[in-house]
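Thanks, everyone, for making the time this morning. I would like to walk you through the interface between two chains and then finish with a charged pair, so please keep the structure in view while I talk.

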Amino acid sequence: MKKKTAKVFKTRQFITNSLSHISLSILGFIWILPIFFVLLTSFREEGGTYKSYIFPKGYTLNNYKELFSQTGSLIFTKWFQNTLAVAICTCLLSAFFVLCVAYVMSRLRFKMRKKLLNIAMILGMFPGFMAMIAVYYILKGFGLLEVGTLKLVALVMVYSAGSALLFYIAKGFFDTIPKSVDEAAYIDGATKWDVFTKISIPLSKPIIVLTLLTSFMGPWVDYIFAKVILGQDRAYYTVAIGLWSMLEPEFIEYHYTQFYAGCVIISIPIAIVFLFTQRYYVEGVSGAVKG
Amino acid sequence: MAGKKRKVTKSSVSIKDGFGTAFRLGNTTTKLSGIIFGLGNLVHKQMVVGLIFLSVEIAYIYYMITFGIQSIIDFTTLGTRVQEEVFNEAKQIYEYIPGDNSMLCLLYGVITLFITFGFILFLVTSVKSAYNTQRRKELGKPILKFIDYLRSLKHDNLHKSLLFLPIMGVLCFTVIPLVFMILIAFTSFDKDHQPPGNLFEWVGVDNFVNMFSRGSALANTFWPILRWTLLWAVVATITCYILGMLLAILINRKGTRFKGFWRFLFVLSIAMPQFVSLLTMRAIFNTNGPVNALLRTIGLIGITESIPFLTDATFAKITIIFINLWIGVPFTMLTTTGILQNIPKELYEAAKVDGANAFVTFFKITLPYMLFVTTPTLITTFVGNINNFNVIFLLTAGGPEAIDYYYAGKTDLLVTWLYKLTITNKDYNSGAVIGIIVFIILATLSLLTYRHTGSYKDEEALQ
């Protein structure tokens, strides 16, 4: 009798296990399908847009080659260089800003602290691009929208200035470093600046890396600000607007497959970075960066 | 005692007394420092500090005389001279006599106001600094040299030196533009009043009245869009939340093998840049895209037919929610996994003893527990969805177009409509009104939640 129940229990467990594996496989298939579609289309030999079949008739690497051959309106290498330059400058500046603000808000106590924290929170609640048109005119007033290269500088300024408000994750990290470390240093005659540069920064390598990486990624995937600031001059596009423009009606017939090749090329590094940083990302989102 | 005294001298670079005390207790020189900046410092031979204060004041006065006062006047009127077109007999062409540019009047006015605000801060600092020096003299302490001020920037005033650049950046690229846009909500800056050709003016709350009054084109668009925005945010948040959690449970249950593999499979889809996945989705669900092609091949629909996944209003809304599931579910899965593992096992064992099935366990134990822990995250997601520009803009761009709407499509959210109104149609005033409304919605929601989260109440809890 006992043996029989055990057997029934085992069969039931087997069935539920198989069922859950089957449903996971189906779901996984659905989730992976669009990624396959991107890969397949990027290797597709036939040009043009939509086909009446799913699997390409022939495979080729030409889409990738054309992407880097700089013909006509398709200047992917130039876009890539633009974005890389903007991304490097942005990530250095942003990381500096974020670290400064996060450290001050977490470790130093001064009169305006609580007020500044509240202001930062309130500013975050306005739709980001509501102010975009005013930003555009301010940049124009500074004379930053005259020459293409200056437009990229303007883009760096806008991105890094905006990042100063994204200090919460880093602040959470600084909050976890015990205060006793600082106090010990003060007793030894260190100034707060010494503590910041010689103790806090070396201790916060993970958060620096995270800030650098996330702000490095920003320019690759943002196109709203970039589109408004960079305007019509294709030579100064970033990758995101460049790719977006390849799907516009006048280009889609010619550049459809190259678009997917471009997507694959920029997705790979971003995906790798994301997979490495997802732990921090999750902790930041669920607000639980604990030491 | 000696040590304490030394500390006092060192740290009182910044005096703790406020402006009121300083002005009340200060002597004539200190009081005059509010009119002639740096006077208190100059009298006591603090040349560098005094000269810095003085030069700031001179610079401000120079700015106001040459530019500032006029810009404040223009700010109140928003310009009076309209651009004129005059026929030049000699050259036989029309020439434009430039008029006032209302937009620049408003912008320069805002900037002048901010500069004036900064000037007042300097005034306060000047008086405080003079009072500080006066007190030191009275107490017989050495008067601070410029180098002492510089040193204090590394210790007592470190927050000032570290925050200076970030605050300037935020001021230039966030605060001033926001103030500018908020002010625009009270003007007639729409596509019929475009500078430099035309002037616009202050109109008070007319734009808000327009937006809410029954029967106006704006109101006819606003209410349906608000309804869809809220519906979208609620449905998108709840479906992603529940299904993401179920997926996490499915992956983490005891019998499931290759847990890491499954997790990786789903995470891959969020590792892809969002605009890539969204543009891909748009192509996949296109009228001639692979989904329709597949349906034709297997004969579910005729060879020339297609399902209007993103071009029919109702279909588009459903498709968007499903595509959002594809993006959002792995994300919830990722964030909830850790929390799910923290649910006390005894609860489940007790439920099992009582004969509860999986369904009951989920709704009576898992869901209440998760809701308790993740409510703040849930509200953040909800706020994010109200502002979810990317999904709508990249998938349908708000389409299909609606004839009875004012420059909006059937799937537009408030934020995408805001984008269309400002960037495409140049109706800046209506756009600004919507921005303010979105802000009010978000602020109310956030106030309700942030006030209740532990991290807001007790920042030092981790120490």
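Before I give any count, let me fix one term: by a salt bridge I mean a side-chain nitrogen of Lys or Arg that lies within 4 Å of a carboxyl oxygen of Asp or Glu. With that rule, the count between chain A and chain B is zero salt bridges, and please bear in mind throughout that what we are looking at is a predicted model.

What, then, does the interface consist of? On the side of chain A that touches chain B, 71 residues are nonpolar, 13 are polar and 11 are charged. In total, 95 residues of chain A are in contact with 89 residues of chain B, and the area buried between the two chains is about 8,200 Å², with carbon and sulfur atoms giving 79% of that area. Three residues, A:Leu24, A:Trp31 and A:Met130, supply 10% of the area that chain A buries against chain B, which is more than any other three residues supply. As for polar contacts across this interface, the rule finds six residue pairs, with both residues at pLDDT 80 or more. Helix α1 of chain A, residues 2–42, gives the largest share of the side that touches chain B, namely 16 residues.

Let me turn to two helix pairs, both of which involve helix α8 of chain B, residues 158–184.

The axis of helix α5 of chain A, residues 132–141, comes within 8 Å of the axis of α8(B), and the two cross at roughly 115°, in a right-handed crossing. From α5(A), the residues include A:Ile133 and A:Leu139, and they meet residues of α8(B) that include B:Phe173 and B:Met181. This contact divides into 11 nonpolar residues, no polar and no charged.

In the other pair, helix α3 of chain A, residues 76–107, has an axis that comes within 9 Å of that of α8(B), crossing at roughly 145°, and here the crossing is left-handed. Among the residues that make the contact are A:Phe96, A:Cys100 and A:Tyr103 of α3(A), together with B:His159 and B:Pro166 of α8(B). This contact divides into 12 nonpolar residues, one polar and no charged.

Where do we find a salt bridge, then? Over all chains the structure holds eight of them, and one joins the side chains of A:Asp182 and A:Arg107, at 3.2 Å from N to O. That pair links distant parts of the chain, since A:Asp182 sits in helix α8 of chain A, residues 179–187, and A:Arg107 in helix α3 of chain A, 75 residues apart.

Conventions: Residues numbered from 1 in each chain as written. Chains lettered and ligands numbered in written order. Predicted model: local features only at pLDDT ≥ 70, side-chain atom pairs only at ≥ 80, totals over all residues. Heavy atoms only, no water. Contact = heavy atoms within 4.5 Å. Buried area = accessible area lost by both parts, 1.4 Å probe. Polar contact = N/O pair within 3.5 Å; in protein donor to acceptor, adjacent residues only side chain to side chain. Helix = DSSP H or I, 4+ residues; strand = E, 2+ residues; numbered from the N terminus. Nonpolar A, V, L, I, M, F, W, Y, C, P; charged D, E, K, R; others polar. Axes fitted to C-alpha atoms, helices over the stretch in contact; angles between N-to-C directions. Left-handed = near helix turned anticlockwise from the far one by under 90°.
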